Structure formats: structure tokens, C-alpha cells
Amino acid sequence: MKDENINHAFLDGVLDGSHEDVYYHFGVASSDPILRGLRDVQAIVTAGSAGRIVEFADRWSRLNGGSEIVAFPKEDRFVTRYTAGVLFASHGMGMPSASIAFQELMRMLFLLKRGDLDAMDEVFWCRVGTSGGVGLPAGTVVVSSEGLMADLKPYRLLRGGDGEYWFDGHFPTATSDAIIAANAGIDGLSVVSGRTVAGNDFFLEQFRLDGAVCLETAETKNAWLAWLDANGVRNIEMEGAMIAGYLNHWGFPRFAMICCTLLNRLEGDQVTATSEQLDKFSADSGVALFNYLRAHLLGA
Ligand code: R2B
Ligand code: URA
């Protein structure tokens, strides 16, 4: 961990009890008894969709002999479940929403591990989601090597009127490789590694021509997609560049993003897959995650 980047000015007072930390969007606070049962957390799995979080927690509980599932009471922003060492949390769509979830989850983890940096190093983080493929057929699972924004530069934010904060969007190679290895040779499952672009809009910053607001042409869209393809980008989603940036800022060594592709963006903009196909795509990214969790958390 990069201790110097952790906000000790605020967080140390939470540990010594001088003040409370309110994880407002999760509906819990540092003194809340519900958090006491989460101290052994070994992995934090996030997804945009609340439904997928509930499904994942149920599946992980079944794999762990029906372990108890703890549900956070507030569900109007993010849905959260904890079972058998894994905290599952939804983060909504887009970097503004997911950044709130990650800021609060990182603070929560600091509390749960009592600021022990070695213990925090052990925790595995993962976002599991959907994406548009770049030159890949629908249904491919992409494990991201790096998250970038639509201009192929890393995630950055305005620094209060005076320049920008820049973040490192790389995903740790050893973790991505281990996920790919845990899924090698499985029939019907195609798992690849590649760079991932995070757009700030599903339409404009993904160069779609089917938005209500459309500022691109077929030529500019095709040129952008060809540029991504030539630069090793394999898929496009809406959160990865920020998530990698924040986790790298604190120096977490084990984190990943696993996204299935819903369509090949070189062939179109609209998601026309049937609900059965979408269920299979979503299930496949879950399978890729669970194969890794089983190998690395259960040792199976
Ligand atoms: C993938 O899918 C969502 C948009 O449909 C968004 O959260 C993302 O990253
Ligand atoms: N999610 C995205 O952000 N883009 C797509 O094309 C598909 C899913």
C-alpha cells in the first residue's frame, strides 16, 4: 500500500474513536454493529447491477455450505451483501456513481482491517460487468489490463480550477493472469485480456450514433473504433479507468475487472441480444469470477 496516499488526517480519528465515519450511500457507519461481522473480509466484488450482486452472494453462499448472508438495510443507492469472506456491492452506472461506492468501500475496508496495511494488501477487489466488444464477438469475457478514457488517456478529474488530478489505470498483471489461468480450457467460455475504455456516457463518449443527442458521424465513429482496436482496446464500458485509478492510488496489489461483451461495436451500436443471450453473457462473467474465487479463496 502507498501509506502516504491514505487519508490518515480523516481516517485515523475513525480508528481511535474520536469521530464516526458515515458510509452514507451504503446506509452504515463505522460504529454500526453490522460491520463487526465483516472484519474477515477477503474480497470485495462489485457490479453495476444490484440484481447481479444478490445472485452472486447467493451463489457464493451455496458454494460455502449455505453460509449466512448479511444484507445492508439501505438499498436505494447501492445493494450490499456479505457472505463467507466476500463483500458484494453494486456501484450503479458510470464513474460518478462508482467513485462514490469505491471511496466509501475503501474507507470501510480501512476500518474493517483497523488500518493494517498488510491485511488490506491481502484483499482482492473485482468489478464484474458488461461492455461493448471491440473486434470481439458478443459473449467474450475480457479481463482488463488497463483502464483508459475515450481519448486513450488515463482517468483524471478537475483539480478545483487549477489543472487536473491524474490516475494510473493499470490493473495488476499477476491478478489478471491468475483469472485467465483459472478459466483456461473451459468449453464455451472465451476469456481474453485487453485494454478497456471507460466512457462518461453510454452514447456520446462511446461514439454511438443511436443516442437522442448524436454528435458523431459514421466516419468519426469508425475512425475512433479503429483507433481503439489498433491500440489494443478490446472493450468499452463506463467505470474501469476510475476504479483502477483509485485502487492504485492507495496501492492495492490485487484487483481486476471482468466484463463480458454484449455486442461487437465494429458491427453496430444497439444491444440486440435476446434476454436469454444476455443472461448467458452475464452468467459467463460470473463464472470467470467464481472460478478464480474458488481457486484463490477456497483453494479448490
Ligand atoms: C456497462 O454497462 C453499463 C451501461 O449499460 C455500465 O455501467 C457499464 O460500465
Ligand atoms: N456497457 C457499455 O458501457 N457499453 C456497451 O456497449 C455495452 C455495455
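In this predicted model, a polar side-chain atom of Arg 208 lies 2.7 Å from an oxygen atom of ligand 2. Gln 206 also contributes a polar side-chain atom, placed 2.8 Å from a nitrogen atom of ligand 2. From the backbone, a polar atom of Gly 132 is 3.5 Å from an oxygen atom of ligand 2. The protein covers 94% of the 240 Å² of accessible area that ligand 2 has on its own.

The residues around ligand 2 are Thr 130, Ser 131, Gly 132, Phe 202, Gln 206, Arg 208, Ile 236, Glu 237, Met 238, Leu 262 and Leu 263. Sorted by class, this shell has five nonpolar, four polar and two charged residues. Strand 7 (124-133), strand 12 and strand 13 (255-264) each supply at least two of the shell residues. Strand 7 gives the most, with three residues.

Ligand 1 has a shell made up of Met 93, Arg 127, Thr 130, Phe 202, Glu 237, Met 238 and Glu 239. By class, three of these residues are nonpolar, one is polar and three are charged. Thr 130, Phe 202, Glu 237 and Met 238 also appear in the shell around ligand 2. The table lists polar contacts of both ligands.

| Ligand atom | Protein partner | Distance |
|---|---|---|
| Ligand 1, oxygen | Glu 239, polar side-chain atom | 2.5 Å |
| Ligand 1, oxygen | Met 238, backbone N or O atom | 2.8 Å |
| Ligand 1, oxygen | Thr 130, side-chain N or O atom | 3.0 Å |
| Ligand 2, oxygen | Arg 208, polar side-chain atom | 2.7 Å |
| Ligand 2, nitrogen | Gln 206, polar side-chain atom | 2.8 Å |
| Ligand 2, oxygen | Gly 132, polar backbone atom | 3.5 Å |

Ligand 1 on its own has 260 Å² of accessible area, of which the protein covers 82%.

Strand pairing comes next. Strand 11 (residues 191-198) runs parallel to strand 8 (residues 141-149), and eight bridges join the two. Within this pair, Leu 148 stands opposite Val 197 of strand 11. Strand 11 is also joined to strand 12 (residues 233-237), again in parallel, by four bridges. There, Ala 198 stands opposite Glu 237 in strand 12. Glu 237 is in addition one of the residues around ligand 1 and one of those around ligand 2.

The model contains zero disulfides. Cys 126 is in none, and the nearest cysteine sulfur, that of Cys 259, is 8.6 Å away. For Cys 259 the nearest cysteine sulfur is that of Cys 260, at 7.2 Å, and Cys 259 is likewise in no disulfide. A disulfide would need the two sulfur atoms within 2.5 Å. Cys 126 is buried, with a relative accessible area of 1%, and Cys 259 is also buried, at 0%.

Two residues other than glycine have a positive phi. Ala 84 has a phi of about 45° and is found in the loop between strand 5 (80-83) and strand 6 (86-90). With a relative accessible area of 27%, Ala 84 counts as partly exposed. Arg 114 has a phi of about 50° and is found in the loop between helix 3 (95-112) and helix 4 (117-121). Arg 114 is partly exposed as well, with a relative accessible area of 43%.

Key:
Residues numbered from 1 in each chain as written. Chains lettered and ligands numbered in written order. Predicted model: local features only at pLDDT ≥ 70, side-chain atom pairs only at ≥ 80, totals over all residues. Heavy atoms only, no water. Near = heavy atom within 4 Å. Polar contact = N/O pair within 3.5 Å; in protein donor to acceptor, adjacent residues only side chain to side chain. Areas by Shrake-Rupley, 256 points an atom, 1.4 Å probe, with all protein chains shown as cover. Nonpolar A, V, L, I, M, F, W, Y, C, P; charged D, E, K, R; others polar. Buried < 20%, exposed > 50% of the residue type's maximum accessible area, 1.4 Å probe, protein only. Pairing = 2+ DSSP bridges.
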